[in-house]
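Dear colleague,

Please find the structure below, handed over for your records. A short account of the findings comes after it.

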Amino acid sequence: MAQEVSEYLSQNPRVALWVEALRCDGETDKHWRYRREFLLRNAGDLAPTGGVASSNTDEAADAKSGTCSRQLQQLISFSMAWANHVFLGCRYPQKVMDKILSMAEGIKVTDAPIHTTRDELVAKKG
């Protein structure tokens, strides 16, 4: 899938600029590769369409400046929650977990760490 995402972005420079603006400072390449896929799979009408990228990067600036839509902010939040769950082992309320896992269907993370939850540790001792 990584190859497909790279190919798609090379053919859609406006989308590439837009999604790159959503990358967090300090986010590793590995985490970003998967979170970017999550964002692109779920962006729908939020991502720019058509045309060649111009020097005007208003969409990218809007994404960073906080003037982006509520839907985009929600998508970014879901993508971060999903990445935190996959890579850091974070857990969220069941409703959130159900939502982010359904949004991530089809994303194959090949090298995610395996986390043991507190509940699993307590169960082993019992």
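The following paragraphs describe two helix contacts and the nonpolar core. Please note that this is a predicted model.

The first contact concerns helix α3 (residues 29-42) and helix α5 (residues 70-88), whose axes come within 10 Å and cross at roughly 140°. Angles over 145 degrees would count as roughly antiparallel; α3 and α5 are therefore oblique to each other. Their crossing is right-handed. On the α3 side, the contact involves Lys30, His31, Tyr34, Arg35, Phe38, Leu39 and Asn42, which meet Leu75, Ile76, Phe78, Ser79, Met80, Trp82, Ala83 and Phe87 of α5. By class, the residues of this contact are ten nonpolar, three polar and two charged.

Helix α3 also packs with α2, their axes coming within 11 Å and crossing at roughly 120°. That angle makes α2 oblique to α3, and this crossing is right-handed. Val15, Val19 and Glu20 of α2 make the contact with Trp32, Arg36, Leu39 and Leu40 of α3. Five of these residues are nonpolar, none is polar and two are charged.

As to the core, the largest nonpolar one has 28 residues, of which Phe38 and Trp82 touch the most other members. At least two residues of this core come from each of α1 (2-11), α2 (13-20), α3, α5 and α6 (94-103). The greatest contribution is that of α5, with nine residues. Leaving aside residues up to four places away in sequence, Phe38 touches Leu75, Phe78, Ser79, Trp82, Ile100, Met103, Ala104 and Ile107.

Yours sincerely

Terms used
Residues numbered from 1 in each chain as written. Predicted model: local features only at pLDDT ≥ 70, side-chain atom pairs only at ≥ 80, totals over all residues. Heavy atoms only, no water. Axes fitted to C-alpha atoms, helices over the stretch in contact; angles between N-to-C directions. Helix = DSSP H or I, 4+ residues; strand = E, 2+ residues; numbered from the N terminus. Parallel < 35°, antiparallel > 145°, perpendicular 65-115°, else oblique. Left-handed = near helix turned anticlockwise from the far one by under 90°. Contact = heavy atoms within 4.5 Å. Nonpolar A, V, L, I, M, F, W, Y, C, P; charged D, E, K, R; others polar. Core = buried A, V, L, I, M, F, W, Y, C linked by side-chain atoms within 4.5 Å. Buried < 20%, exposed > 50% of the residue type's maximum accessible area, 1.4 Å probe, protein only.
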